[in-house]
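Biologist: Please show the model, so that its fold and its core may be discussed.

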Amino acid sequence: MRYLTFALTKGRLATKTLELLEELGITCQEMKDKSSRKLIFVNEELKLKFFLAKGPDVPTYVEYGAADIGVVGKDTIMEEGRKVHEVLDLQFGKCRMCVCGPKDAKELLKHRELIRVATKYPNIAKDYFYNKKHQTVEIIKLNGSIELAPLVGLSEVIVDIVETGSTLRENNLDVLEEVCPLSARMIVNPVSMRLENERIRELITKLRVLVQEA
Ligand code: PRP
């Protein structure tokens, strides 16, 4: 039997995924050692390998088949546009992609003004404004703390993830429009899906039962 390799998104999503797998009796003892600098973890018994990667790199590993399976946010899947199969909504990491800004920016959206949109997700923002809203905008790519942009006059609005809404509240910004709901998803390499169909199907079925029960 060959190894099935998982690429997990470093941080909360990986922790949640490992908890879920553990409920299915899939454990990876090595991975729990936080002080370890090891990059790949193996479960010899079940012939599984795991590694952690930055979110945007997870679909890349899966598209190229360096990982058979990935767990990553829907935002990243949409933004990266890789050739992978999205097979399961894992029902955690739930949040929303939103257009946010100061209250008065609502008028600018309504009148389809040529506004500036700051975001970590230029492809999602482009798709939303151009294809859905038919509004021409200028997209400015940032790498974090996106909420700063309207506060310092870099942009009129932002396209960003809203989870609890507290970052917006603390900075006097509002959700102006919702782009789409988000959550963690399982993705699979299309070739792996064919070659390892039985093993992967079984895993998806078990996980589906588990996340639907939760
Ligand atoms: C994300 C997101 C928002 C915040 C939303 O940023 O970009 O800033 O979390 O969460 P809230 O609605 O619960 O306040 P993250 O902390 O991941 O870091 P970043 O600013 O570097 O993108």
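The exchange below treats the predicted model.

Modeller: Residues are numbered from 1 along each chain as its sequence is written. As this is a predicted model, local features need pLDDT of at least 70 and side-chain atom pairs count only at pLDDT 80 or more, totals for chains, interfaces and linings use all residues, and side-chain values use heavy atoms, with hydrogens and water left out.

Biologist: How many helices and strands are there in the protein?

Modeller: Helices (H or I, at least four residues) and strands (E, at least two) are DSSP runs, numbered from the N terminus. The protein has nine helices and 11 strands.

Biologist: Which element supplies the largest share of the largest nonpolar core?

Modeller: Such a core is a set of buried Ala, Val, Leu, Ile, Met, Phe, Trp, Tyr and Cys residues joined through side-chain atoms within 4.5 Å, where buried means under 20% relative accessible area, exposed over 50% and partly exposed in between (1.4 Å probe, protein chains only). The core has 29 residues, and L203 is among those that touch the most other members. Strand 1 (4-9) and helix 1 (12-23) are among the elements that each supply at least two residues. The largest share, six residues, comes from helix 9.

Biologist: Is K206 buried, partly exposed or exposed?

Modeller: K206 lies in helix 9 (residues 197-213). Its C-alpha is 9.6 Å from that of L21, although the two are 185 residues apart in sequence. Because its relative accessibility is 41%, K206 counts as partly exposed.
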